Amino acid sequence: MNDTTSRGIDETATQSQRIQLVLLSGVSGSGKSIALNALEDAGYYCVDNLPPQLVDQLLAVATESGHTHLGIAMDVRSADSLGLLPALARRLRQRCDLHFIYLDSTTDMLVQRFSETRRAHPLTARGLAPVAPDQPLPFSAPSLIEAIELERELLAPVASLGLHIDTSGLRPAQLRSWVRQAVGVGASRLTLLFESFAFKRGVALDADYVFDVRMLPNPHYDPSLRGLTGRDAPVADYLRSQPAVMRMLDDITGFLQHWLPAMAEDQRSYVVVAVGCTGGQHRSVFLAEQLGKHFAAEYSVLVRHRELDAADSVGTAARQPGGA
């Protein structure tokens, strides 16, 4: 378990009796089970597939039992009542420190995962897809892709309630780490998440804002810097010496400083700012790190590096007994 997360649970339990509540949702095959297990490993009492109507009852039982950290997964299996979730979330924030995490993935990746696990999509058995868009009845069992797209429509009212995580290229260890990081920050103010990524691996689906920095000078072409990352001092020094890089940093900073107060007033919980370069190793990493440092004094800040974190998760698995 993440040391920071474990300390946070102990400190919160002693400082406040407010329930630390994580609501988890997302499309089938996006990794909700992995995320829920990560919360359970971090000390949360977790319940899967709980209808929104039963959340208040669960909170009452948890309070009586002394549970201070709860994780609840809700998905399309409760499709008939998901429309209640936005109002429920607003009400829960008055009595709980609430985090809402929504998991998503590309359709191609979801199809691949269902193919590998040989599990049926929950909507295929229920026959919820219409034969034609203009014919609500009769219903027929949808194909997998139809079921996935229908599920996105059914989950649309809840997809924007909190932190949106694209799990398309994430390994399980990476997703577990990101979830623990997300619930380790305070829920009382706007949280900024700065993410670096590589355009060659696809744009981050979970981003509220995407900044393309591929036009900036690239340390990759310096043999002495190629094997380093934007977190290493030689690369950072090189990029700081480039006027275009610093101008880009100033432009992104100015944009966010102007608009973030309005987002906070609009009751936004998370804003994900993605910075992309070609390989996700130098320029985007450096800028995400600098942005995180700049805004940390005023907001709760998380910084993650999609490509570097993926490499780290592979290395961790390899070092563990039985790791691939």
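# Close-up views of a predicted model

Buried residues account for 48% of the 324 residues in the protein chain. The model shown here is predicted, and the legends below take the reader from the whole chain to its pocket, its cavity and a handful of residues.

**Figure 1. The whole chain is built from 12 helices and 11 strands.** The protein chain exposes about 15,700 Å², and carbon and sulfur atoms supply 51% of that area. Among contacts in the protein chain with a separation of 6 or more, 79% are between residues 24 or more positions apart. Keep that percentage in mind for the close-ups, where several partners sit far along the chain from the residue in view, as with Leu59 and Cys96, 37 residues apart.

**Figure 2. The largest pocket holds about 750 Å³ of space.** Of its 26 lining residues, Ser28, Gly29, Ser30, Ser33 and Arg119 are the closest to the centre. Three helices each give at least two residues to this lining: H2 (32-41), H5 (107-117) and H8 (172-183). H5 makes the largest contribution, with 6 residues. By character, the lining of the largest pocket splits into 10 nonpolar, 8 polar and 8 charged residues.

**Figure 3. One cavity of 30 Å³ or more is found in the structure.** The space in this largest cavity comes to about 30 Å³. Its lining is formed by Leu163, Trp178, Gln181, Ala182, Leu193, Leu302, Val303 and Arg304. Helix H8 and strand E11 (300-305) each bring at least two residues to the lining. Readers coming from the pocket view will recognise H8, which also supplies at least two residues of the lining there. The cavity lining divides into 6 nonpolar residues, 1 polar and 1 charged.

**Figure 4. Helix H11 spans residues 283-295 and is largely enclosed by the rest of the structure, because 11 of its 13 residues are buried,.** The buried set consists of Arg283, Ser284, Val285, Phe286, Leu287, Ala288, Glu289, Gln290, Leu291, Gly292 and Phe295. The length of H11 can be checked too: at 1.5 Å a residue, its 13 residues should span 18 Å, and the end C-alpha atoms are 19 Å apart, which agrees.

**Figure 5. A closer look at Ser284, a residue of helix H11.** Ser284 has a relative accessible area of 0%, so it counts as buried. Setting aside residues up to four places away in sequence, Ser284 touches Ser196, Phe197, Val213, Val275, Gly276 and Cys277. Two of these partners, Val275 and Gly276, turn up again among the contacts of Phe211 in the next view.

**Figure 6. Phe211 sits in strand E9.** With a relative accessible area of 17%, Phe211 falls under the 20% limit and is therefore buried. Beyond its neighbours within four places in sequence, Phe211 is in contact with Ile252, Phe255, Val273, Ala274, Val275 and Gly276. Phe211 and Met248 are 37 residues apart in sequence, and their C-alpha atoms are 9.4 Å apart in space.

**Figure 7. Ala207 lies in the loop between strand E8 (191-198) and strand E9.** Here the relative accessible area is 21%, so Ala207 is partly exposed. Apart from residues up to four places away in sequence, Ala207 touches Val272 and Ala274. Ala274 is also one of the contacts of Phe211. The C-alpha atoms of Ala207 and Phe194, 13 residues apart along the chain, are separated by 9.1 Å.

**Figure 8. Thr229 is placed in the loop between strand E9 (209-212) and helix H9 (233-240).** Although in a loop, Thr229 counts as buried, because its relative accessibility is 15%. Its contacts, not counting residues up to four places away in sequence, are Val235, Gln281, His282 and Leu308.

**Figure 9. Leu59 is a residue of helix H3, which covers residues 55-65.** Leu59 counts as buried because its relative accessibility is 1%. Leaving aside neighbours within four places in sequence, its contacts are Ile19, Leu70, Leu92, Arg95 and Cys96. Between Leu59 and Cys96, the C-alpha atoms are separated by 9.6 Å.

Terms used
Residues numbered from 1 in each chain as written. Predicted model: local features only at pLDDT ≥ 70, side-chain atom pairs only at ≥ 80, totals over all residues. Heavy atoms only, no water. 1 Å grid on protein atoms, 1.4 Å probe; cavity = no way out; pocket = protein on both sides within 12 Å on 5 of 7 lines; lining within 4 Å. Points joined across faces, edges and corners; volume = space filled by probe spheres on them. Helix = DSSP H or I, 4+ residues; strand = E, 2+ residues; numbered from the N terminus. Nonpolar A, V, L, I, M, F, W, Y, C, P; charged D, E, K, R; others polar. Buried < 20%, exposed > 50% of the residue type's maximum accessible area, 1.4 Å probe, protein only. Contact = heavy atoms within 4.5 Å. Areas by Shrake-Rupley, 256 points an atom, 1.4 Å probe, with all protein chains shown as cover. Expected span 1.5 Å × (residues − 1).
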